[in-house]
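Colleague: Before I rely on any of the labels in your description, I would like to go through the reasoning behind them. Could you show me the model first?

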Amino acid sequence: MSGTLVIGGGQAAAQLAISLRADGYVAPVRILGQEVELPYQRPPLSKGFLKQETTEAQLELRPADFWSAQRIEIMRDMQAISIDRDLKRVTCADGSQWFYDHLVLATGSRNRPLSLEGHNADGVYALRSLEDARRLREAFASARHIVVIGGGFIGLEFAAVARKLGRAVTIIEMADRLMARAVGAQISDWYLRLHAGHGTDVRLGSGVKALEVKAGRIVGVTLADGTALPCDLLVYGIGAMANLEIARACGLETGAGIRVDAFMQSADPQVLAIGDCAEAPSKYFHAGAFVRLESVQNAVDQAKCAARTISGARQAFDVVPWFWTDQFEAKLQIAGLSAGASQQVIRGTPESGRFSVFYFMGDKLIAVDSVNMAADHLLARRLLAGGRAITPQQAGDLATDLKTLL
Ligand SMILES: Cc1cc2nc3c(=O)[nH]c(=O)nc-3n(C[C@H](O)[C@H](O)[C@H](O)COP(=O)(O)OP(=O)(O)OC[C@H]3O[C@@H](n4cnc5c(N)ncnc54)[C@H](O)[C@@H]3O)c2cc1C
């Protein structure tokens with residue numbers, strides 16, 4: 001019996017292995033991960049780890065002895081390079097070959113590269129792995145003029161930490177608002193005021209034309225409008241894309257991610273995909289369209305679903321997507337997916353720093369973004385999961401107790 005083989009050693013892979021054992025699966029479980037660390041959490045890399053508040057040991061999803069006690073074999077520094085689905089065999093870069101009964105692809109995503117001359121100069125960073133975070137943290141200690149390209153979650157979290165630690169920070173965002181792909185305009189505007197209020201220079205509708213490099217180091221950035229900015233540390237966060245090449249090469253269907261059904265199975269039922277690299281149908285996205293999500297919750301819940309598929313207790317995936325981001329003193333919690341909303345209603349007062357935005361498509365609630373309103377967020381997840389009816393008027397009226405709608 002070959003058992004379950006997982007490619008990728010991150011959040012989804014770790015959860016899959018943990019859930020298989022918790023579900024009573026006794027066959028071998030083996031993880032092939034290309035990083036040298038044991039599975040670790042990425043969210044603190046752009047938050048507490050940079051501030052030296054989170055240690056490397058605290059990033060670990062489980063200590064080393066947990067994996068051995070659970071008979072979960074973690075092969076580190078091991079890159080899978082090809083899959084033979086007929087032989088049910090994976091080949092790694094070191095020539096080793098591994099057989100499987102079930103194969104789970106949990107290869108995650110990688111940063112979209114910066115296509116500017118000088119992108120590999122000293123002082124230019126992207127943030128994805130612990131190794132990236134270690135190098136960035138070291139460079140950060142002596143940096144004075146920081147430029148962040150990209151006003152998405154990772155760029156803004158990094159910018160908030162940098163500003164809080166007293167560095168001059170400029171954010172360059174091509175769109176006309178922050179986090180535009182994930183949140184509505186009211187949330188974007190509130191976050192613009194938050195960052196600007198802390199003294200960050202936020203430039204919307206702006207692009208970088210060139211990087212100025214001297215003796216191999218970044219020293220400046222020239223914007224599309226000709227403005228020259230000093231820069232001794234540049235961080236870019238301009239989106240991510242799924243690591244799906246290995247799946248495509250063995251003939252599996254791919255879109256933005258590796259295509260799977262509600263049980264996380266590809267068209268080959270012995271091969272599953274989960275987490276950032278997978279694209280699954282979601283009733284919370286345009287009533288059942290395929291969607292690829294990048295979040296801890298998605299990685300964890302898809303891993304639990306895949307574990308049930310493998311261990312025989314099949315249960316279709318049906319979980320409200322949720323996400324969080326921490327920037328300065330604000331925690332933004334997102335429930336559901338707001339893309340395509342036709343109406344947005346504010347509950348509470350943005351000026352107070354605690355409010356939510358309810359998103360409707362027609363008369364249907366599709367998402368809720370909450371700023372420093374954990375109670376609204378938890379209720380929103382329950383409202384969305386239950387498909388509860390709530391009108392825009394009720395959402396905006398603080399006199400309506402949301403609990404009574406559950
Ligand atoms: C800086 C940062 C901050 C984040 N903050 C948040 C947050 O606040 N909230 C939130 O919900 N989410 C956050 N995320 C996203 C979250 O971390 C990811 O969605 C989650 O880690 C996805 O889990 P995964 O297992 O799919 O991918 P990953 O955790 O990325 O793991 C994939 C692993 O597979 C490995 N791999 C790829 N190809 C191969 C191969 N061929 N062979 C072997 N190994 C391979 C990769 O090297 C990687 O180690 C953040 C991400 C980053 C980078």
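**Labels and their grounds**

Modeller: This is a predicted model, and in it the centres of domain 2 and domain 3, taken over C-alpha atoms, are separated by 30 Å.

Colleague: How many residues of domain 2 and of domain 3 take part in the contact?

Modeller: Domain 2 contributes seven residues and domain 3 contributes 12 residues, where a contact requires C-beta atoms, placed from the backbone, within 7 Å. On the side of domain 2 that touches domain 3, five residues are nonpolar, two are polar and none is charged.

Colleague: Why is the ligand said to lie between domain 1 and domain 2?

Modeller: Residues of the shell around the ligand come both from domain 1 (4-110 + 241-311) and from domain 2 (113-236), and therefore the ligand is placed between them.

Colleague: What makes up the shell around the ligand, by residue class and by element?

Modeller: The ligand is surrounded by 36 residues, the closest being Gly-8, Gly-10, Ala-12, Gly-108 and Gly-275. By class, the shell holds 16 nonpolar, 15 polar and five charged residues, and at least two residues each are supplied by helix H1 (11-22), helix H8 (296-311) and strand E22 (322-327).

Colleague: Why is Gly-312 given the burial class it has?

Modeller: Gly-312 has 9 C-beta neighbours inside 10 Å, and the class "exposed" is assigned at 12 or fewer, so Gly-312 counts as exposed. Gly-312 sits in the loop between H8 and E22, and its C-alpha is 9.5 Å from that of Asp-23, although 289 residues separate Gly-312 and Asp-23 in sequence.

Colleague: How do you know that strand E24 and strand E25 pair, and in which sense?

Modeller: Pairing asks for at least two bridges, and strand E24 (residues 343-349) forms seven with strand E25 (residues 354-361), in the antiparallel sense, so the two strands count as paired. Val-345, for example, has Phe-358 in E25 as its bridge partner. The hairpin of E24 and E25 has four residues between the strands, and Gly-353 there takes a positive phi near 80 degrees.

Colleague: Which residues touch the most other members of the largest nonpolar core?

Modeller: Val-148, Phe-158 and Leu-234 do, within a core of 70 residues, to which helix H5 (residues 153-164) gives the most, namely eight residues. Beyond its neighbours within four places in sequence, Val-148 is in contact with residues including Gly-155, Phe-158, Ile-171 and Val-235. There is also a second, separate core of 48 residues, among them Leu-103, Ala-242, Leu-244 and Ile-258.

Methods: Residues are numbered from 1 along each chain as its sequence is written. This is a predicted model: local features need pLDDT of at least 70, side-chain atom pairs count only at pLDDT 80 or more; totals for chains, interfaces and linings use all residues. Domain bounds come from an automatic or database domain assignment. Two residues are in contact if their C-beta atoms, placed from the backbone, lie within 7 Å. Ala, Val, Leu, Ile, Met, Phe, Trp, Tyr, Cys and Pro count as nonpolar, Asp, Glu, Lys and Arg as charged, and the others, Gly among them, as polar. A residue is near a molecule or strand if its C-beta atom, placed from the backbone, lies within 6 Å of it. A residue is buried if 20 or more other C-beta atoms lie within 10 Å of its own, exposed if 12 or fewer, and partly exposed in between; C-beta atoms are placed from the backbone. A nonpolar core is a set of buried Ala, Val, Leu, Ile, Met, Phe, Trp, Tyr and Cys residues joined through C-beta atoms within 7 Å.
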